[in-house]
Every structure is written in C-alpha cells, then in structure tokens.
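Here is a set of exercises to work through with the model open beside you. Try each task yourself before you read its solution.

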Amino acid sequence: MVDHNEKLLQELLKKPGNNVCADCGSEDPDWASYNLGIFICMRCASIHRGMGAHISKVKHLELDRWEDSQVQRMKEVGNIAAKNKYEERVPPCYRRPTKNDPQVLIEQWIRAKYQREEFCHPERQNYLSGSMEGFLMKRGKEDSRYQLRKFVLNENEDTLKYHHASDGCGRASGCLGRIFERLRLKNLGRLRYHVKENKEPKGVLKLSELNVSFAPAKIGHMNSMQLTFLKDGSTRHIYVYHDDPEVINGWYTSIRCAKLHLLQVAFPSTPQSDLILRLPKDFAREGWLWKTGPRPSDVHRRRWFTLDNRKLMYHDEPLDAYPKGEIFIGHESSGYHIKVSNTGNGCKEARFPFHLITPERTFCLAATTHEDRAGWLAVIQQTLKRPLTPQESTIEATLVRKRTTSNSISIFSGR
C-alpha cells in the first residue's frame, strides 16, 4: 500500500523539471537529495552519496521511509529552483554533462555545483584565465609507457606545450612523483612551482586546432583525455591521465575556455552561442571496421576508425599516435556521398560493406554487424549534410596540400 508521503513525492515528480535528473537529465529519476531538494537518477545519487551526508542526504523515493519534513523540503525546492541557485553562473565554456557522458565529467559537475559551489562563487572558477601549468602522465609516442610531463597552457600564444618533468632529476616520475605522493597534493595540476626544464618543449600544440575528449574506455584510466591536433598537415594523438579527477576536468575545462576566448577574438561578430558549438567535441563515433582497396583483388584489413568532426581516420590500434590514413568528409554538394552495398568480396568478417565516395577516391569499408554499419552510416550522413565552417575549410585545404605536395606521403593513401 502506498503511504501518504510516497503519494506526495510521486505528485512532485510530475511537476516541470522534476521528471528528469537535476544533474544529468536522465528521465524518470527515482532518487532524491532531500536536503538539497532535488530529484536525481541512481547514477548521480551514488555520486551525491560519495560527497558525504554533510553535503547531500540521499534517499530512494519508494524504498526508503520519508519524514514529513523531508517531503516538505522537496516541495519547497525542486529541480528548477535548485538549478537557479546552484547553476546561477555556469561559464559558457563549461560543458554541462548529459546522461551518456563519462563518469569523471558527471562527477565533477556535481561536485562543482554542490561541494565546491563554483557556480555560486565565480571566484572559485580557476579555469577561466587562459593559462594553466601542471603535470600529467603522458603515453609515449613509440611505446605504451606513461611518463610524467609538465604541460603549459597559454591562450595568448595559442599553445599547449609539454616538457620533460624535470631536467636535473631525470626521474621525475620517481623523484618528483614520490614527493607529490607523500604530500598528497590534491590540486597538483593547478600549482605553480619552479622546475628546471629542457631548453625547448618536447611538443607544441596549436590550441586553436586542438580537439580534446575524455577517453576512459580507450586508455583504461577513469581520469584520462585524448588530445588530437594537426601536425605538419596530418593528425597526431596524445593520451594523458591524472589520478585526481578534479585536475583532469580542470585541464579539460581550461582548454575549452581558452579556445572560446580565441574564437571570440577571431570572430567578434559571431554570436557566442554559435562559437560554443565549435568547442571541442567527443568523437562522433569510434570502432573497428574492415577496409579494402578499390580492386577486387585487394584484401580486407581490420582498422580502428575515428570520426573527429570531418576527419575519418583509421589506425592499426586504438592508441596509435598517428593514423595510417585520413579521409576528409566534405559536404554532399561537393561530391561526397555514401553508397551501401549488400555484397562483400570474400571476407567473412566484413559482412556489411559500404562505400564512402569522395572527389578523389572511393573508400571500401565494411562492418561486422548490421547495427554497427547503421551507426556509422548515420553519423557520416549527418556530417555530409552539415555545412562547412571556415575552420573546417582550412583543415580541408591543409590536408589537400599535404596530399598534393611532391615527395610527401599521402594522408589519403592506404598506408
């Protein structure tokens, strides 16, 4: 039998804003934080519980017993009023998570709102300055080992640089790393301190051409990111992580904020809402596909494909530093289109083929399942129909120049 308080809670759930999770937007939340007065989903409820009862007191709407005063609190607040308070001054560059986003993003969003109250107190938002320094673990270009590297973000120079962690110590992951571990410095990524560096950085990434995405499934670490950028006309991937989720989220947000500032300078008359759409995005899709050449005698090869905005890249392995090849996907009005085929050419795994046709070449691809092919077709079709931005046109021109330059490797080839 449903008691009086449970009935009241079910009625409150029907009110606008209460029928989705206050933090990630999941439908039909069945948990609540009764001191904050919000309705939340099970995933977000576990994060709230992890912050401690001094910040958020969590109950299930049906399985737990509710006091009259707790129900009254839910009635007085609700999701909309709580959002108006705790999300009052969210910076435009800050990525608001949805239900399908990585755990680190959702967790840090919740902690920023209720634990650190960053959006009630803008002075606590230390990712808006356009500059940042700190240490991250970076995967080697030639091997799978991760080494401690110092990263420096500088919006004024349009750069993100990384250096050896130290010059004098030489064993930063052991020497520096042990010191930091002993001190257990929570906000390592935001500290400033003097380190004797090499004369030149090991790498310089152009911030305006950089994409950054969380990559926990690929890297195997919850607090990890993939940095993707153009280098000499082709793409380079860098994989980094930090043990502290707040630090990695701080880097992610700092990069987004710096990029927004650069866009505002470059396109002063463009509405901010349009510029926000150009900030770093997660890859539209990633996964294994089979690729073969245009001739019937060409064999199928299994490649890891990544669709990054308009660049469809393929690799030997998911964590390769460079793609074997890149395909720029332009607008359908320029001769780019997809042709679906129902006949393979002898490979048992490549059962669901399709052709990506560009003005320069036809690429013969295949998925292992019908569902996987449908997923790839959907995201590629969306890309074909989307108008090119000025930035995308610049990337296309860069790739074409690389392709047509004499004595250079074609990034459109089947390397």
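**Exercise 1: A loop residue and its contacts**

Arg89 touches Phe119, Pro122 and Gln125, leaving aside residues up to four places away in sequence. Keep in mind that the model is predicted. Your task: find where Arg89 is located, and how far apart the C-alpha atoms of Arg89 and Pro122 are.

*Solution.* Step 1: look for Arg89 in the loop between H4 and H5. Step 2: go along the chain to Pro122, 33 residues apart from Arg89. Step 3: take the distance between the two C-alpha atoms, which comes to 6.9 Å.

**Exercise 2: The disulfide**

Find out how many disulfides the whole structure holds, and describe the link of Cys93 and Cys257.

*Solution.* Step 1: recall that a disulfide is a covalent bond between the sulfur atoms of two cysteines. Step 2: a search of the whole structure gives 1 disulfide. Step 3: its partners are Cys93 and Cys257, with sulfur atoms 1.9 Å apart. The cut-off for a disulfide is 2.5 Å, and the pair is accepted as one. Step 4: place both ends. Cys93 sits in the loop between helix H4 (78–86) and helix H5 (103–115), while Cys257 belongs to helix H8; they are 164 residues apart, so the pair links distant parts of the chain. Step 5: the link of Cys93 and Cys257 is right-handed, with 60 degrees about the S-S bond.

**Exercise 3: The sheet of 7 strands**

Work out the strand order of the open sheet of 7 strands, and explain why S14 and S15 each have one side without a neighbour.

*Solution.* Step 1: remember that strands of a sheet pair through backbone hydrogen bonds, either parallel or antiparallel. Step 2: read the order across the sheet, S14-S13-S12-S11-S17-S16-S15, with antiparallel pairing. Step 3: look at the edges. Strand S14 (325–328) and strand S15 (337–340) each have a single partner strand, so one side of each lacks a neighbour in the sheet. Step 4: check the twist; neighbouring strands of this sheet are turned by 35 degrees against each other on average, direction ignored. Step 5: zoom in on one pair. Strand S11 (residues 285–292) and strand S12 (residues 301–308) run antiparallel and are joined by 7 bridges, and Arg285 is opposite Leu307 in S12. Step 6: add the helix. H10 (residues 370–385) lies across S11, S12, S13, S15, S16 and S17, at about 100 degrees to S11.

**Exercise 4: A hairpin and its next partner**

Count the bridges between S5 and S6, then find which residue of the hairpin takes a positive phi.

*Solution.* Step 1: S5 (residues 146–154) pairs with S6 (residues 159–164) in the antiparallel sense over 6 bridges. Step 2: one of the bridge pairs is Asn154 with Thr159 in S6. Step 3: the hairpin has 4 residues between the strands, and Asp158 takes a positive phi near 60 degrees. Step 4: S6 also pairs with S7 (residues 203–206), antiparallel over 4 bridges; there, Lys161 has Val204 in S7 as its bridge partner.

**Exercise 5: The largest pocket**

Describe the space and the lining of the largest pocket.

*Solution.* Step 1: the largest pocket has about 1000 Å³ of space. Step 2: 38 residues line the pocket, and the closest to its centre are Arg278, Lys281, Asn309, Gln391 and Glu392. Step 3: sort the lining into 16 nonpolar, 10 polar and 12 charged residues. Step 4: H11 gives the largest share of the lining, 5 residues.

Conventions: Residues are numbered from 1 along each chain as its sequence is written. This is a predicted model: local features need pLDDT of at least 70, side-chain atom pairs count only at pLDDT 80 or more; totals for chains, interfaces and linings use all residues. Side-chain values use heavy atoms; hydrogens and water are left out. Two strands pair if DSSP finds at least two bridges between them. Helices (H or I, at least four residues) and strands (E, at least two) are DSSP runs, numbered from the N terminus. Axes are lines fitted to C-alpha atoms, for helices over the stretch in contact, and angles run from 0 to 180 degrees between N-to-C directions. Contact means heavy atoms within 4.5 Å. On a 1 Å grid over the protein atoms alone, a cavity is a set of points where a 1.4 Å probe fits but cannot get out, and a pocket is an open set with protein on both sides within 12 Å along at least five of seven lines; lining residues have an atom within 4 Å of a point. Grid points are joined across faces, edges and corners, and a volume is the space filled by probe spheres set on the points. Ala, Val, Leu, Ile, Met, Phe, Trp, Tyr, Cys and Pro count as nonpolar, Asp, Glu, Lys and Arg as charged, and the others, Gly among them, as polar.
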